[in-house]
Amino acid sequence: MRLFVQGAVLLLGMGFLSAPAKAQKVVIEDDVPNSIVLVSQDKAGDEIVRIMNETQSPRFHDPKAPRFVLTDRKGRFALGIGGYVKATAEYDFGGISDDVDFYPSMIPNGGQNYVRNQFQMDATTSTIFLKLVGRTKHLGDFVVYTAGNFRGGSKVFELQNAYVSFLGFTMGYDYSTFMDLAALPPSIDYAGPAGQVFSRATLLRYERAFGKGWKAGVGIEMPVVDGITNQSVNISNQRMPNFPAYIQYAWNKSSHIRVAGIVRNMTYENLVAQRAESKAGWGVFAASTFNVTSKNFYGQATYGRGISQFLNDISNLDVDLVPDPEAKGKMQVLPMMGWYAGLQYNITPKVFVSSTYSQTRLYSENDYPVTPSDQYRYGQYLVANIFWNVNANLQVGAEYLRGWRTDFNDMPRHANRLNVSAQYNF
């Protein structure tokens, strides 16, 4: 009897594996009131489909809505499982960016690395997610979302998102409130433009729509502070969260403008005075995306002090806080800025091209650095690409990248990269 049961289970398993093409039509029928039904996403209830679509991240590198969901028979709750597998091949020439992502700040000088060409392949951005959605009486639309890729050390699985959302509140680990995901440009390069604002944090956020096209949000976020230290100063434990907020106006589903700000208090140790001290950091940005026929324009401009954690290229430099050359044991916050502008043109419903130019800049203050050096001053980033959505699940693309880095000694460096990629969504 035991052998018979094992054989039956094995045959059933082989049957499921041998018929993937029919999976979208499978519905598990059961008369039990609390049973679970497996359906394709488009066969789920209208409320489930609406919540899945409305809560989907607009960021280009985030996975789309899941193909299959598990739902209760009443269609009130559904669990989606999905993600994508992405493989990228990269070739640097005429200079390299010493990272799998393309950062102008990672272009080495001749004394650090004499290599001028580089070949890399990467599949670590492949993503897996679980998404539970439902419509509840007291909490309204309810979403629980976890996602991760393989960008951890030694290519281990790393958490990218883990949050619960209801009644306008979001609690957990997610993109910072000091961001505009809908205005981020498309690229094969996972990092994106040098001047792009990008950060994740453990947070509590509240968002609310009001009026016609208006939306606002405010958050409390876990701070991360990196700085340049010496024998007189050291980065300490942080005593206060970051406080970001934004307001947005949208005049249609694909066109909006957002203004955001952040205030942060950064603690460090004055080893000369043997006490903890702090410096205030702040930042503001304006971002927008809008459509004109088959063209989509997008851009962002950011300025602040002590916000290097949020600016793509400068985030590699650890300059939230830097030593003050004029006061031993003291640290200071430097002014910095970043911006990008770009255009996406849809050639056909399945093929589009885009191009983006970006720049970041770190400003000097109080004689920092003391002497002209190879300390980063500003970077430039240019990308042009083409994407083809072969079908609903498969996308291929190719792109060209060029980066420039200029230091405080005005010595320029540059690099070029060609990327090709294939991504399959499941």
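**Figure 1. The whole chain, with its two helices and 22 strands.** Helices (H or I, at least four residues) and strands (E, at least two) are DSSP runs, numbered from the N terminus. This is a predicted model, in which local features need pLDDT of at least 70 and side-chain atom pairs count only at pLDDT 80 or more, while totals for chains, interfaces and linings use all residues. Residues are numbered from 1 along each chain as its sequence is written, and side-chain values use heavy atoms, with hydrogens and water left out. Of the 426 residues in the protein chain, 46% are buried; buried means under 20% relative accessible area, exposed over 50%, and partly exposed in between (1.4 Å probe, protein chains only). Take the contacts with a separation of 6 or more: 64% of them link residues 24 or more positions apart. Contact here means heavy atoms within 4.5 Å. The accessible surface adds up to about 21,100 Å², and carbon and sulfur atoms hold 61% of that. Those areas come from the Shrake-Rupley method with a 1.4 Å probe; for residues, only the protein chains shown count as cover.

**Figure 2. Close-up of Arg-205 in strand E9 (residues 200-210).** Here's a charged side chain tucked inside: Arg-205 counts as buried because its relative accessible area is 7%. Its side chain makes polar contacts with the side chains of Asp-174, at 2.8 Å, and Thr-177, at 3.3 Å. A polar contact is a pair of N or O atoms within 3.5 Å; within protein, one must be able to donate a hydrogen and the other to accept it, and residues adjacent in sequence count only if both atoms are side-chain atoms. Leaving out residues up to four places away in sequence, Arg-205 also touches others, including Gly-168, Phe-169, Tyr-175, Val-218 and Gly-219.

**Figure 3. The second largest pocket, with a volume of about 740 Å³.** On a 1 Å grid over the protein atoms alone, a pocket is an open set of points with protein on both sides within 12 Å along at least five of seven lines, whereas a cavity is a set where a 1.4 Å probe fits but cannot get out; lining residues have an atom within 4 Å of a point. Grid points are joined across faces, edges and corners, and a volume is the space filled by probe spheres set on the points. The lining has 27 residues, with Tyr-103, Phe-198, Ser-199, Arg-200 and Ser-315 nearest the centre of this pocket. Strand E7 (158-166) and strand E9 each chip in at least two lining residues, and E7 gives the most, with three. Sorted by class, the lining has 11 nonpolar, eight polar and eight charged residues. Ala, Val, Leu, Ile, Met, Phe, Trp, Tyr, Cys and Pro count as nonpolar, Asp, Glu, Lys and Arg as charged, and the others, Gly among them, as polar.

**Figure 4. The largest cavity, with a volume of about 70 Å³.** The structure holds four cavities of 30 Å³ or more. Residues lining the largest one include Lys-86, Thr-88, Glu-90, Asp-122, Arg-151 and Asn-419. Strand E3 (residues 77-93) supplies the largest share of this lining, three residues, and by class the lining splits into six charged, three polar and three nonpolar. Thr-88 sits in E3 and is buried, at 6% relative accessible area. Beyond its neighbours within four places in sequence, Thr-88 is in contact with residues including Gln-120, Met-121, Ile-188 and Val-420.

**Figure 5. Ser-354 in strand E19.** With 5% relative accessibility, Ser-354 is another buried residue. The C-alpha atoms of Ser-354 and Pro-186 are separated by 7.3 Å, though these residues lie 168 residues apart along the chain. The side chain of Ser-354 also makes a polar contact with the side chain of Asn-385, at 2.5 Å. Other residues that Ser-354 touches, not counting those up to four places away in sequence, include Tyr-298, Leu-343 and Val-383.

**Figure 6. Backbone oddities in the loops.** Most residues other than glycine have a negative phi, and most peptide bonds are trans. A cis peptide bond joins Tyr-368 and Pro-369, with omega about -10°; Pro-369 lies in the loop between strand E19 (351-362) and strand E20 (376-389). Asp-318, not a glycine, has a positive phi of about 55°, and is found in the loop between strand E15 (295-305) and strand E16 (322-323). Asp-410 has a positive phi too, about 65°, in the loop between strand E21 (394-407) and strand E22 (412-425). Asp-318 is partly exposed at 33% relative accessible area, and so is Asp-410 at 49%.
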